[in-house]
Amino acid sequence: MAKKTSKTKAVAALTHIDAKGEARMVDVSAKPDTERVAVAEGQVIMTRKTLDLIIKGNAAKGDVLGTARVAGIMAAKRTSDLIPLCHPLALSKVTLDITPDTKLPGCRVRATVKVKGPTGVEMEALTAVSVACLTIYDMVKAVERGIQIDAIRLVEKKGGKSGHYLADY
């Protein structure tokens with residue numbers, strides 16, 4: 001179901017809004033289980049001094065990247081508890097790659113989430129990245145309050161009726 005805009009561009013209908021304009025959880029019971037993968041990314045920008053603390057493992061709260069990785073994985077698994085209309089999913093894979101980048105300076109965060117089911121995992125990947133970035137902030141905020149969390153976005157989605165999506169870079 002698509003609507004045409006004044007620019008004749010097709011716009012998909014909002015699936016979480018019913019005919020009365022009220023929020024609803026989408027019924028996915030008739031949809032087939034297919035393999036679905038989503039990749040999201042974001043970045044945490046900080047001073048080089050703070051990044052050096054992370055790289056050297058000298059942050060007062062401990063292993064910043066390891067803690068953020070676990071936090072992101074946990075968040076992906078709890079997305080339906082955080083986003084009101086998300087379905088609870090039995091995720092088959094969640095990976096978090098956190099890469100220090102001296103050019104930012106900061107950390108690049110990338111999550112890949114996989115499931116075999118009737119609905120996608122975009123929200124789980126985005127939630128994983130968001131919470132991992134917030135955890136990095138929390139772990140080093142005592143040395144730098146001006147850290148910036150930036151550019152969180154969906155990079156790729158595979159599977160399901162809407163097919164393959166790959167973000168333009």
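I'll walk you through one sheet and the helix that lies across it.

Keep in mind that this is a predicted model.

Start with the sheet. It is open, and it has five strands. What is their order? Reading across, β4, then β5, β3, β6 and β7. The pairing is antiparallel. Which strands sit at the edges? Those are β4, residues 93–101, and β7, residues 165–166. Each of the two pairs on one side only.

As general background, strands of a sheet pair through backbone hydrogen bonds, in either a parallel or an antiparallel way.

Now the pairs themselves. Take β3 and β5. Strand β3 covers residues 34–45, and β5 covers residues 106–117. How many bridges link them? Twelve, in the antiparallel sense. Two examples to find on screen. T34 has G117 of β5 as its bridge partner. A40 has A111, also in β5.

Next, β4 and β5. They are antiparallel too, with nine bridges between them. Here, K93 is bridged to K114 in β5. How are β4 and β5 joined? By a hairpin, through four residues. So much for the strands.

Last, the helix. That's α4, residues 122–140. Which strands does α4 lie across? Four are listed: β3, β4, β5 and β6, the last being residues 148–158. Against β3, α4 runs at about 25°.

To recap: an open sheet of five strands with antiparallel pairing, and helix α4 lying across β3, β4, β5 and β6.

Methods:
Residues numbered from 1 in each chain as written. Predicted model: local features only at pLDDT ≥ 70, side-chain atom pairs only at ≥ 80, totals over all residues. Heavy atoms only, no water. Pairing = 2+ DSSP bridges. Contact = heavy atoms within 4.5 Å. Axes fitted to C-alpha atoms, helices over the stretch in contact; angles between N-to-C directions.
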